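User: I should like to learn how to read the architecture of a model of this kind, feature by feature. Could we take it up together, beginning with the interior?

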Amino acid sequence: MELWNPWHGCHKISAGCANCYMYRRDAEFGKDSSVVTKTASFDLPVRRGRDGEYKLQYDGTVFTCMTSDFFVAEADGWRGEAWSYIRQRSDLHFFIITKRIDRFYVSLPSDWGMGYENVTICSTCENQETADFRLPIMLDLPIRHMEIIHEPMLGRIDISKYLASRRFEGVTCGGESGPGARVCDYSWILFTREQCERFGTPFNFKQTGALFRKDGRLYRIPRHLQHSQAKKAGIDIP
Ligand code: SF4
């Protein structure tokens with residue numbers, strides 16, 4: 001998996017942020033996660049080696065801005081440049097996960113049009129409230145490739161009216177990891193899967209989280225088994 005983190009730091013804005021992984025990691029090093037700064041990797045996609053070739057050569061997806069939110073306000077002045085790198089690297093596919101889809105237009109390049117072909121934007125919706133706020137906004141936006149992620153999934157979420165648009169190319173579900181993780185119930189995962197099946201949307205059960213409930217019984221799943229246990233369920237829809 002290739003990562004590009006052009007900036008670091010963020011602010012908690014909704015229930016899903018409570019146990020933010022980036023905040024937890026930074027706390028281990030005494031770092032203040034609420035300070036948003038450009039990273040040393042800011043121009044990573046367009047860096048070239050001595051041979052003139054791009055240093056970043058990859059034939060998969062580049063997960064972008066995983067230690068911040070691409071649309072966080074402090075990055076408004078930097079985002080235009082980041083978009084220009086993305087446009088230059090049309091040979092790469094950039095996957096951007098956000099909780100701030102309502103800020104999509106801020107610093108959007110003038111040549112965006114109906115969206116760059118090499119960008120997927122994925123909206124995090126951890127509960128019904130965030131789904132009902134973020135997904136209608138998203139459906140009004142010019143984005144070529146869009147997905148939904150329920151992670152950490154904090155409840156049963158009905159997204160059927162959004163999936164009916166047939167614009168979403170995938171839905172991913174996952175529980176919460178780390179100390180203080182909140183419960184993820186298997187019936188919520190299956191409910192989302194049912195909706196995806198109904199509308200022909202690919203579905204991915206990514207990981208169980210640390211506290212997983214199935215048929216009313218609560219399981220504590222160690223970190224190293226959370227992904228494999230989800231895959232064992234065998235419920236993904238390609
Ligand atoms: S939006 Fe993402 S990166 Fe920002 S605080 Fe919330 S979980 Fe952390």
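Analyst: A nonpolar core is a set of buried Ala, Val, Leu, Ile, Met, Phe, Trp, Tyr and Cys residues joined through C-beta atoms within 7 Å. Please keep in mind throughout that the model is a predicted one.

User: Which residues of the largest nonpolar core touch the most other members?

Analyst: In soluble globular proteins, nonpolar side chains tend to be buried together. Here the largest nonpolar core has 47 residues, and Phe94, Ile96, Ile148 and Ile159 touch the most other members. At least two core residues come from each of several elements: helix 2 (76-88), strand 5 (93-98), strand 6 (119-124), helix 3 (128-139), strand 7 (145-150), helix 4 (160-163), strand 8 (168-174) and helix 5 (186-199). Domain 1 (1-110) and domain 2 (125-238) each contribute at least three residues to this core.

User: How should one read a sheet, and what is the order of the seven strands in the open sheet?

Analyst: One reads the strand order across the sheet, then the sense of pairing, then the edges. The seven strands follow the order 1-4-5-6-7-8-10, and their pairing is parallel. Strand 1 (2-4) and strand 10 (203-207) lie at the edges; each has a single partner strand, so one side of each lacks a neighbour in the sheet. On average, neighbouring strands of this sheet are turned by 25° against each other, direction ignored.

User: How many bridges support the pairing of strand 1 with strand 4?

Analyst: Three bridges link strand 1 to strand 4 (residues 61-64), in the parallel sense. One may also read the pairing residue by residue: glutamate 2 has valine 62, in strand 4, as its bridge partner.

User: What is the order of the three strands in the other open sheet, and what is its pairing?

Analyst: This sheet has the order 9-11-12 with mixed pairing. Its edge strands, strand 9 (184-185) and strand 12 (217-220), pair on one side only. The mixed character becomes clear from the two pairings taken in turn. Strand 9 and strand 11 run parallel and are joined by two bridges, with cysteine 184 opposite phenylalanine 212 of strand 11. Strand 11 (residues 211-214) and strand 12 run antiparallel, joined by four bridges. Across that antiparallel pairing, leucine 211 stands opposite arginine 220, and phenylalanine 212 stands opposite tyrosine 219.

User: How many residues lie between strand 11 and strand 12 in their hairpin?

Analyst: Two residues separate the strands of this hairpin, and aspartate 215 in the turn has a positive phi of about 50°. A positive phi deserves attention in a residue other than glycine, as is the case for aspartate 215. Aspartate 215 counts as exposed because it has 7 C-beta neighbours inside 10 Å, and the cut-off for that class is 12 or fewer.

User: Is tyrosine 219 buried, exposed or partly exposed?

Analyst: Tyrosine 219, which belongs to strand 12, is partly exposed, with 15 other C-beta atoms within 10 Å. The C-alpha atoms of tyrosine 219 and glycine 209 are 9.9 Å apart, for a separation of ten residues along the chain.

User: What backbone features should be checked in the loops?

Analyst: Two are worth checking: the peptide bond and the sign of phi. Glutamate 151 and proline 152 are joined by a cis peptide bond, with omega about 0°; proline 152 sits in the loop between strand 7 and helix 4. Arginine 166, although not a glycine, has a positive phi of about 60°. Arginine 166 lies in the loop between helix 4 and strand 8 and counts as exposed, with 10 C-beta neighbours inside 10 Å.

User: Where is glutamate 53 placed, and is it buried or exposed?

Analyst: Glutamate 53 is in the loop between strand 3 (37-38) and strand 4. It has 9 C-beta neighbours inside 10 Å and therefore counts as exposed. Its C-alpha atom is separated by 25 Å from that of threonine 120, 67 residues away along the chain.

User: Finally, which residues are around the ligand?

Analyst: A ligand shell is read by listing its residues and then sorting them by character. The residues around the ligand are Cys10, Lys12, Ile13, Cys17, Cys20, Met22, Ser68, Asp69 and Lys99. This shell comprises five nonpolar residues, one polar residue and three charged residues.

Conventions
Residues are numbered from 1 along each chain as its sequence is written. This is a predicted model: local features need pLDDT of at least 70, side-chain atom pairs count only at pLDDT 80 or more; totals for chains, interfaces and linings use all residues. A residue is near a molecule or strand if its C-beta atom, placed from the backbone, lies within 6 Å of it. Ala, Val, Leu, Ile, Met, Phe, Trp, Tyr, Cys and Pro count as nonpolar, Asp, Glu, Lys and Arg as charged, and the others, Gly among them, as polar. Two strands pair if DSSP finds at least two bridges between them. Axes are lines fitted to C-alpha atoms, for helices over the stretch in contact, and angles run from 0 to 180 degrees between N-to-C directions. A residue is buried if 20 or more other C-beta atoms lie within 10 Å of its own, exposed if 12 or fewer, and partly exposed in between; C-beta atoms are placed from the backbone. Domain bounds come from an automatic or database domain assignment.
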